[in-house]
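Me: I am new to this structure. Please take me through one part of it in detail, and start with enough background to place that part.

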Amino acid sequence: MMASRRVLRLRTSLLAAAAGGASVSVLYPIRSAYAEAPPKEAIPDRKPIYPDYASLIPKPKPSDTSPVSEPSSTAPTPTDRLTGQVRRARIFLYDQSLAAEDSINKFMSYILNKETSFTNTIASLAPAPETGEQLLPGAIYVLVATMTGSIITRNRGLLLRTTFPLAVGITAGWVLIPFTMRNIAALSWEYEKKVPLISNTHAEIRGFTKEAWRQTKVHARLVGDWADEKAAAGREKIESWVRDGK
């Protein structure tokens, strides 16, 4: 009896296990796993993640002068307007910077030309080497003569204190450094010719001075000749008196 019961229990458990396996196979069917990829025809068509490169290339638009062109129906975007404003601002700044650079270059050229002209002018006032005139001692002597004239007239009137030292300095200059004074006079005359009133007045004063100096030399020569004649006549009389006295 005990053995028959054990056999019965074993059959029952086997039947239950078989029934459970059948139900699992019905609910979850078993499929074969393949190591190779499925064929391309079995893969469904899907939308690509990245767009086609050919679609990214912009198509050329017809020009405005083309007979087949169509009027653009789209207005410029704010980005396009901003781009245009930035472009105009950059062109304006470039033009202004270029104009400023040109102005600076012209100003520097003007300064360099003036400096060169001033240097050449000062160099042209110096006497030529073949004249043998020494500028440095002569200029010092002229300055000392001018200061002497100022000291002499320090207690005089304003007009005399102004004109006398100047006259003494100019006279000393013409005596001590005549070639340098001639160069200075020629340079001052070139500047005076730019103002006709001053140049004409200077020419009149210069002509009057030359004529007065010529007349002075003529009269001095006449006076010298008269003095020589009188001295000769007096000497002859004295000699005749001496001869007669003997």
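Reply: What follows is a short overview, then a close look at helices H4 and H5 and the nonpolar patch they share.

Start with the whole. This is a predicted model. The protein has 246 residues, and 7% of them count as buried. Its secondary structure comes to 7 helices and 0 strands. Along the sequence the pattern reads α-α-α-α-α-α-α. The accessible surface is about 22,400 Å², and carbon and sulfur atoms hold 65% of that area. Take the contacts with a separation of 6 or more: residues 24 or more positions apart make up 49% of them.

Now go to H4. This helix covers residues 135-152. H4 has 18 residues and reaches 26 Å from its first C-alpha to its last. That is close to the 26 Å expected at 1.5 Å a residue. Which residues of H4 are buried? They are Gly-138, Val-142, Ala-145 and Gly-149. Seen down the axis of H4, these buried residues fall within an arc of 60 degrees, so they line one face of the helix. What do they pack against? The buried residues of H4 pack against H5. Turn H4 around. The face turned away from the buried side carries Leu-136, Leu-143 and Ile-151, which are exposed.

Next comes H5, which covers residues 158-176. H5 has 19 residues and spans 27 Å from first C-alpha to last, close to the 27 Å expected at 1.5 Å a residue. Its buried residues are Pro-165, Gly-169, Ala-172 and Gly-173. Seen down the axis of H5, they fall within an arc of 105 degrees, so they too line one face of their helix. These buried residues pack against H4 and against helix H6, residues 178-192. On the other side of H5, Leu-159 and Val-175 are exposed.

Now the patch. Which residues make the nonpolar surface patch? Leu-136, Ile-140, Tyr-141, Val-144, Val-175 and Leu-176 do, and the patch comes to about 620 Å². H4 and H5 each supply at least two of its residues. H4 gives the most, with 4 residues. Two patch members have come up before. Leu-136 is on the face of H4 turned away from the buried side. Val-175 is one of the exposed residues on the other side of H5.

Look at one more patch member, Val-144. This residue lies in H4. Why does Val-144 count as partly exposed? Its relative accessible area is 45%, and partly exposed means between 20% and 50%. A patch residue needs over 30% relative accessible area, and Val-144, at 45%, passes that mark.

Finish with the charged pairs further along the chain. The count comes to 2 salt bridges. In one, the side chains of Lys-193 and Glu-190 meet at 3.5 Å, N to O. Lys-193 is partly exposed, at 43% relative accessibility. Glu-190 is also partly exposed, with a relative accessible area of 43%. The other salt bridge joins Glu-211 and Arg-214, whose closest N and O atoms are 2.6 Å apart. Both residues lie in helix H7, residues 196-245. They sit 3 residues apart, about one turn of the helix. Glu-211 is partly exposed at 35% relative accessibility, and Arg-214 is partly exposed at 42%.

Technical notes
Residues are numbered from 1 along each chain as its sequence is written. This is a predicted model: local features need pLDDT of at least 70, side-chain atom pairs count only at pLDDT 80 or more; totals for chains, interfaces and linings use all residues. Side-chain values use heavy atoms; hydrogens and water are left out. Patches are made of residues with over 30% relative accessible area and no salt bridge: like charges are joined within 9 Å, nonpolar side chains (Val, Leu, Ile, Met, Phe, Trp, Tyr) within 5 Å. Accessible areas come from the Shrake-Rupley method with a 1.4 Å probe; for residues, only the protein chains shown count as cover. A salt bridge is a side-chain nitrogen of Lys or Arg within 4 Å of a carboxyl oxygen of Asp or Glu. Buried means under 20% relative accessible area, exposed over 50%, partly exposed in between (1.4 Å probe, protein chains only). The expected span of a helix is 1.5 Å times one less than its number of residues. The arc is that of the directions from the helix axis to the C-beta atoms. Contact means heavy atoms within 4.5 Å.
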